[in-house]
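Dear colleague,

I am passing on the structure we spoke about, and my notes on it follow directly below. Please read them with the coordinates open beside you.

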Amino acid sequence: MRCMSGHSNFVSSVCVIPPSDLYPRGLVATGGNDNNICIFTLDNSAPLYVLKGHKNTVCSLSSGKFGTLLSGSWDTTAKVWLNDKCMMTLQGHTAAVWAVKILPEQGLMLTGSADKTIKLWKAGRCEKTFTGHEDCVRGLAILSELEFLSCANDASIRRWQISGECLQVYYGHTNYIYCISVFPHSKDFVTTGEDRSLRIWRQGECTQTIRLPAQSVWCCCVLDNGDIVVGASDGIIRVFTESLERTASLEEIQAFENELSQATIDPKTGDLGDIDAEELPGREHLDEPGTREGQTRLIKSDGKVEAYQWSVSEGRWLKIGDVVGSSGATQQTSGKVLFEGKEYDYVFSIDVNESGPSYKLPYNISDDPWLTAYNFLQKNDLNPMFLDQVAKFIIDNTKGQTLGPTNSEFSDPFTGGGRYVPGSSSAASEGLAADPFTGAGRYVPGSASDPAAPLSPFAGTGVYKSALTKAENMYFPKKEAVTFDQANPTVILGKLKELNGSAPEEQQLTEDDLGALEMMLSSTCSASMEAPTAHQLQTLWKAVNWPHDIVFPALDILRLSIRHPFVNENLCGEKDGIQFCSHLIKFLSPGEKQANQMLALRILCNCFIHPVGQKLMMSQGDSIMSQAIEMKLSSNKNIHIALATLALNYAVGLHKVNNIEGKAQCLSVISTVMEVVQDLEAVFRLLVALGTVISGDSNAVQLAKSLGVDTQIKKYSSVSEPAKVNECCRLVLNLL
């Protein structure tokens, strides 16, 4: 046995990373309350490396193919890691992410949260949100490529289809369910929870309940040989088996039964149902055999209530504990306080604010003060921020009394002193990077817009003729940005003059203004390097702010002008760059005119042609791409080509720098857009973008594989025309 240490506070999650060529025995990942993830080899007590990035406790981990690791945190985010680098951050939940799982199909991931929802992510982008649980989602387990299970604080288990349908709900636990694990090559599973039990489910039914001498059974895992491992709040790991060869000795089994029989069970937890001590039978009730595995019976013996559970294999009743607080005495004889028909050691009146009502808080000394405080706030719909206050009030006013031995060393990090308090973390307001893959709203496709500008070798189909031999790769890595240069200044100016009369009076252009724009267009479309004047720039900006239904010719002039170094530096510089970007992003809104959407994308593409513009585009990449990616829903091929070109230009910018998280975001965009576009020119540009991102970067290659990009693009290797599509595709597949 080896003790590994590297965290500065408690460890809340553990995960095995499968063997690889570099680490043939695999690795161990641990998530901690210190916000870090430690990665260990099996041969060393100190971490191989530490992953930093989360802003709060890392409470869940899952490993996938090619060395990918998915982590969930109380900071409301999940993160995808490859080796020692963060690839992407999954943002969308509004509370702690308590469960994460990587699905067998590459690129698909699941997260379960305290916001009661489960989210499905594809290539880093939220594809679907599953709702149905009535409390925090605590565990996830994969059944197949198409189905998974979830468990929650609402004491239910749900079976889901990836498509979103809830197929079945299972009930059996009487309290929070913390963990769920599936038997190998089976749809049977096991669960553990806050009701002192491990439950085994076969063919949708709970077929066995194993009680433990600890209130909280936090985690369970089914091993490859079918044995079940559980960890509980008494700090002990126990293994249960069906194998006679691996069964514990009689002495160990007897010790476990003795420990179980000496446990105290609080009836207020509801673990054993409602108890009326006066109505319970005596010990003779145990002479009658049970009818099923795990059946529970309560008897009254010498004035005490005892709980027994039936064991089919042994054909006898096993004592699982004494039930405390169920004497059946009155308030006068027991010293207890009645509240809503039940006995309590204390019933406090809590004033949340001076003007509001008082709330009654019942409490027994056998209760967990944190759990009681949490349930009290939930029941009365009070702000979770009061959790610390209420728990401290309980502790102070009960003088810390507890029933039986307690061990603070193993307090539950989810309901005890180190628990997650929704909304208490400052991380949400600390400027966490915006998710570039969850732009709001949808675009409703309309009529087609102008034709795309022909480019070489990024031209329309039929223009490029292949002369590629096996050894050549003229496609990627692309070193320079691709721009949209085609122009007909006479037509553009004619349209601008025609629509000028429709502009609001204060925004209309004078003859001098129109002349200035004509001069500007002429100089930026010719070989002349004459710099536009300040007046020309001001006039263009005035026109670009026209109402959206008439602004498109002004946007077209901007598309051409932004290629000029002087215009690029002025509009994309530090002084006006952010405002310029924000203005263009407005045209990428759903329902915007298609011409405006296409031209805004083309302007953004053309910004990359000069260093100042490229710097602005790279710095604003998150906000630009999160909105631009919604244009994938358009039916207009010119919009798709412009969107693919924008992804390509980002790939060009990223190829020059060592920014693996930026490359991960770019790969996600490429994969997401590739899934919906049909135009082969757009597909070609996405393939070039993909090749550019992964060229010369083994981490990016691994990440592309883990996202399933190779299977996504294989179909294009058989495209006959244009030849550049299949040639580029084959070259990318060679890298993968």
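I begin with a pair of residues that is easy to find: C221 has V229 of β22 as its bridge partner. Please keep in mind throughout that this is a predicted model.

That bridge belongs to the pairing of β21 with strand β22 (residues 228–232), which runs in the antiparallel sense over five bridges. The two strands are part of an open sheet of three strands, ordered β21-β22-β23 and paired antiparallel. At its edges stand β21 (217–222) and β23 (237–240), each of which has a single partner strand, so that one side of each is left without a neighbour in the sheet. From one strand to the next, the twist averages 20° in this sheet.

A second open sheet is built from four strands in the order β9-β10-β11-β12, again with antiparallel pairing. Here the edge strands are β9 (97–102) and β12 (125–130), which pair on one side only, and the average twist from one strand to the next is 20°. Within this sheet, strand β10 (residues 108–113) and strand β11 (residues 118–122) are joined in the antiparallel sense over five bridges, and L110 finds its bridge partner in L120 of β11.

Turning to the helices, α6 (residues 511–525) packs against α7 (residues 534–544) at an angle of about 105°, the axes lying 9 Å apart. Because angles of 65 to 115 degrees count as roughly perpendicular, α6 is roughly perpendicular to α7. On the α6 side the contact is made by D512, D513, A516, L517, M519 and M520, and on the α7 side by H535, Q536, L537, T539, L540, K542 and A543. Sorted by character, the residues of this contact of α6 with α7 comprise seven nonpolar, three polar and three charged.

Finally, the cysteines: how many disulfides does the model contain? The count comes to zero, where a disulfide requires a pair of cysteine sulfur atoms within 2.5 Å. For C607, the closest cysteine sulfur is that of C572, at 4.0 Å, which is too far for a bond. C607 itself counts as buried, with 0% relative accessibility, whereas C166 is partly exposed, its relative accessible area being 27%.

With best regards

Key
Residues numbered from 1 in each chain as written. Predicted model: local features only at pLDDT ≥ 70, side-chain atom pairs only at ≥ 80, totals over all residues. Heavy atoms only, no water. Axes fitted to C-alpha atoms, helices over the stretch in contact; angles between N-to-C directions. Parallel < 35°, antiparallel > 145°, perpendicular 65-115°, else oblique. Contact = heavy atoms within 4.5 Å. Nonpolar A, V, L, I, M, F, W, Y, C, P; charged D, E, K, R; others polar. Buried < 20%, exposed > 50% of the residue type's maximum accessible area, 1.4 Å probe, protein only. Pairing = 2+ DSSP bridges.
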